[in-house]
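Me: I'd like to learn how to read a fold from its strands and helices. Could you walk me through one?

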Amino acid sequence: MDASPINILLVDDSEAWCAALKLALQRLGFEVRWVGNVEDGMVALSEWDVDCIISDFTMPGLSGGHLFDHVKEKYPHLIENGRYIFVTSSAETVKRYLDGIEIPIRQKPIPLSEVLDLVTNKKWEARLLGKA
């Protein structure tokens, strides 16, 4: 039986950056869904079996902090082992917001290759590749 692909949710209002990242991740065999705001991200989480979230922090409407809090409450397994990644122009703000919670935070602008490395080098990837 073939392993199910790893599902990655991108939550970011930067359409061009997300389109490039989505394409690069899909070429590596990941399933990727992009949404441009936190509200749509919350809907996607309720409708789709998400394995990893890559999120901006500063977006129109609700912030990435709201999404993080929602995930922490409803989907805490996504906070574990680097399965929630902030890629943002507000890295210092995110660090203060998280107040010691250890998750990957990367400052924009960031090369796509660095984000791909974060996703493909995760400890959890081997386990997820075997999911039914």
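What follows is a short walk through the sheet, its central strand pairing and the helix packing.

Me: Before we start, what kind of model is this?

Reply: It's a predicted model, where local features need pLDDT of at least 70, side-chain atom pairs count only at pLDDT 80 or more, and totals for chains, interfaces and linings use all residues. Residues are numbered from 1 along each chain as its sequence is written, and side-chain values use heavy atoms, with hydrogens and water left out.

Me: How many helices and strands are there in the protein chain?

Reply: Helices (H or I, at least four residues) and strands (E, at least two) are DSSP runs, numbered from the N terminus. Here you get six helices and five strands, and from the N terminus on they run β-α-β-α-β-α-β-α-β-α-α.

Me: In what order do the strands form the sheet?

Reply: Two strands pair if DSSP finds at least two bridges between them. In this model the five strands make an open sheet with the order 2-1-3-4-5, and the pairing is parallel. Strand 2 and strand 5 (105-107) sit at the edges with a single partner strand each, so one side of each has no neighbour in the sheet. From one strand to the next, the twist averages 15°, with angles running from 0 to 180 degrees between N-to-C directions and axes being lines fitted to C-alpha atoms, for helices over the stretch in contact.

Me: Which residues of strand 1 are buried on each side?

Reply: Buried means under 20% relative accessible area, with exposed over 50% and partly exposed in between (1.4 Å probe, protein chains only). Strand 1 (residues 7-11) has five of its five residues buried, so the rest of the structure largely encloses it. Asn7, Leu9 and Val11 are on one side, Ile8 and Leu10 on the other. For the protein chain, buried residues make up 48% of the 132 residues.

Me: And which residues does strand 1 pair with in strand 2?

Reply: Leu9 has Arg33 as its bridge partner there, while Val11 has Val35. Five bridges join strand 1 to strand 2 (residues 31-35), and the two run parallel. The chain gets from strand 1 to strand 2 through helix 1 (residues 15-27), a right-handed β-α-β crossover: with the strands pointing away from the viewer, the path from the first strand over the helix to the second runs clockwise. Strand 3 (residues 52-55) is also parallel to strand 1, joined by four bridges, and Val11 stands opposite Ser55 there.

Me: At what angle do helix 2 and helix 3 pack?

Reply: Angles under 35 degrees count as roughly parallel, over 145 as roughly antiparallel, 65 to 115 as roughly perpendicular and the rest as oblique. Helix 2 (residues 38-47) and helix 3 (residues 64-74) pack at about 20°, axes 9 Å apart, which makes them roughly parallel. For helix 1 and helix 5, the axes come within 10 Å and cross at roughly 50°, so that pair is oblique.

Me: Where do the buried residues of helix 5 sit around the axis?

Reply: Helix 5 (residues 112-120) has Val115, Leu116, Leu118 and Val119 as its buried residues. They cover an arc of only 155°, so they lie on the same side of helix 5; the arc is that of the directions from the helix axis to the C-beta atoms.
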